[in-house]
Amino acid sequence: MIPLFKVAMSESAPAAVAEVVGSGQIGQGAKVAEFERALGERIGNPRVATVNSGTSGLHLALHMVAASGDDEGEVLSTPLTMEATNWTILANRLRIKWVDVDPATLNVDLDDLARKISPRTRAIVVVHFAGYPVDLGRLAKILDEAEATFGFRPVVIEDCAHAWGATYQGGRMGTHGNVAVYSFQAIKHLTTADGGALVLPDDELHERATLLRWFGISRGADRLRNPPDVAEWGYKFHMTDINAAMGLANLDWSEEVVARHRANAAHYDRELAGVPGLELTERAADRESSFWIYPVKVEDRAGFMKRMDEAQIMVSNVHERNDTHTCVRRYATLLPGLDRVAERVVCLPVGWWVTEEQRAHIVETVRRGW
Ligand SMILES: *Cc1c(COP(=O)(O)O)cnc(C)c1O
């Protein structure tokens with residue numbers, strides 16, 4: 001079976017991790033700081049605060065910019081994502097207001113988003129689905145209009161869990177003035193086993209995130225003799241040196257990983273265009289997807305999946321729509337765009353492990369029909 005996901009561990013990672021494990025310093029220390037500097041260089045924004053998962057990063061981001069203590073606060077979000085994106089809104093005691101999905105991109109429908117901003121909007125969460133960046137320029141214009149209308153500018157949180165290596169107008173995710181959150185979970189492009197990072201748009205938020213990821217206590221060298229005051233309580237969301245060492249060892253390799261995902265995707269773009277019953281997603285000239293997954297839209301998805309299974313090709317829609325879960329039933333709303341694609345989305349193996357022969361086998365199988 002050609003797998004849909006595989007852990008991208010570099011050859012140097014086991015020794016790098018073993019060194020930390022035996023060093024007597026396994027908590028948050030120098031490796032975490034080194035990993036943050038290295039991430040900042042890659043991303044093009046030094047304001048990086050690592051955490052123990054992407055979910056923790058989203059939780060902390062929402063806590064910082066959206067939690068207000070009242071019962072009316074809403075967060076606009078997409079229903080087509082991993083549940084982590086949305087359950088962290090609930091964990092912050094905020095309401096979810098679903099934004100429809102654009103069938104062309106599988107990202108949020110920005111027309112619908114513009115309509116749904118209101119005085120209750122505390123934040124906007126977007127997901128760069130599959131690693132394909134949301135049109136952040138257009139989103140900024142929508143926020144300008146909202147600011148003119150309502151007198152405040154909701155903060156945008158970009159869930160970049162699929163988007164390590166993706167670019168929008170030449171800049172990596174985390175350089176467009178919003179709060180960006182990456183995941184380094186086991187099967188993401190860059191892995192630390194579990195881990196994540198917030199990339200912040202200003203020094204104030206960066207400092208606050210750095211404090212609130214560990215109880216709100218400053219980890220200065222003099223901490224034990226001179227205990228600092230805690231002005232604002234925080235969580236225990238920090239990363240350890242073990243995970244950071246793995247991340248550092250995987251960092252160069254992750255660039256190669258993304259390049260291979262892209263090369264496979266480019267092959268599919270060429271070979272699958274025009275196949276009857278199959279539709280590709282949008283490709284805009286001003287952005288480059290990281291192709292964590294390769295979604296297509298197919299007629300008769302059950303038939304398609306059965307045909308792929310018979311050919312030993314693992315396929316899946318990967319993320320179920322979140323809005324139909326029982327625990328969020330009270331937020332249900334009409335989402336015609338999502339209705340049109342939810343039953344058609346399916347992802348093909350596109351990762352670094354897919355060989356040219358396997359790629360050819362996948363193309364041939366799809367072209368033969370289902
Ligand atoms: C993986 C993922 C997350 C959660 O990240 P973790 O590091 O597993 O907590 C959030 N959002 C999306 C879209 C994801 O794919």
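**Why those words? A chat about helices and loops**

Me: Which residues of helix α4 (residues 84-91) count as buried?
Reply: A84, T85, N86, T88 and I89 do. Buried means under 20% relative accessible area, exposed means over 50%, and partly exposed is in between, with a 1.4 Å probe and protein chains only. As for α4 being a helix, helices are DSSP runs of H or I with at least four residues, strands are E runs of at least two, and both are numbered from the N terminus.

Me: What are we looking at, by the way?
Reply: It's a predicted model, where local features need pLDDT of at least 70 and side-chain atom pairs count only at pLDDT 80 or more, while totals for chains, interfaces and linings use all residues. Residues are numbered from 1 along each chain as its sequence is written, and side-chain values use heavy atoms, leaving out hydrogens and water.

Me: What covers the buried residues of α4?
Reply: The cover includes α3 (54-65), β2 (74-77), β3 (95-98), β4 (121-127) and β5 (155-159). Just after α4, R93 takes a positive phi of about 60°.

Me: Why is N45 called buried?
Reply: Its relative accessibility is 5%, and the cut-off is under 20%, so N45 counts as buried. N45 is found in the loop between α2 (30-43) and β1 (48-51).

Me: What makes the pairing of the N45 side chain with G174 a polar contact?
Reply: A polar contact is a pair of N or O atoms within 3.5 Å; within protein, one must be able to donate a hydrogen and the other to accept it, and residues adjacent in sequence count only if both atoms are side-chain atoms. The N45 side chain reaches the backbone oxygen of G174 at 3.0 Å, and a polar atom of that side chain lies 3.0 Å from the backbone oxygen of L200. Contact in general means heavy atoms within 4.5 Å. Not counting residues up to four places away in sequence, N45 touches G40, G174, T175, V199 and L200.

Me: How do you know whether α1 (residues 13-21) and α8 (residues 241-272) are roughly parallel or roughly antiparallel?
Reply: Their angle is about 155°, with the axes 8 Å apart. Under 35 degrees is roughly parallel, over 145 roughly antiparallel, 65 to 115 roughly perpendicular, and the rest oblique. So α1 is roughly antiparallel to α8. In the contact, A13, A16, V17, V20 and V21 of α1 meet D241, I242, A245, M246, A249 and N250 of α8.

Me: Why are α9 (residues 301-310) and α11 (residues 356-368) called oblique?
Reply: They pack at about 140°, with axes 10 Å apart. That angle fits none of the named ranges, so oblique is the word. F304, R307 and M308 of α9 make the contact with T365, V366 and R368 of α11.

Me: What makes Q169 exposed?
Reply: Q169 has a relative accessible area of 57%, and exposed starts over 50%, so the label follows. Q169 is found in the loop between β6 (167-168) and β7 (171-172). Its phi is near 50°, a positive value in a residue other than glycine.

Me: And why is V318 only called partly exposed?
Reply: At 23% relative accessibility, V318 falls between the two cut-offs, so partly exposed it is. V318 is found in the loop between α9 and α10 (336-342), and has a positive phi of about 70° although it is not a glycine. For background, most residues other than glycine have a negative phi.

Note on methods
Axes fitted to C-alpha atoms, helices over the stretch in contact; angles between N-to-C directions.
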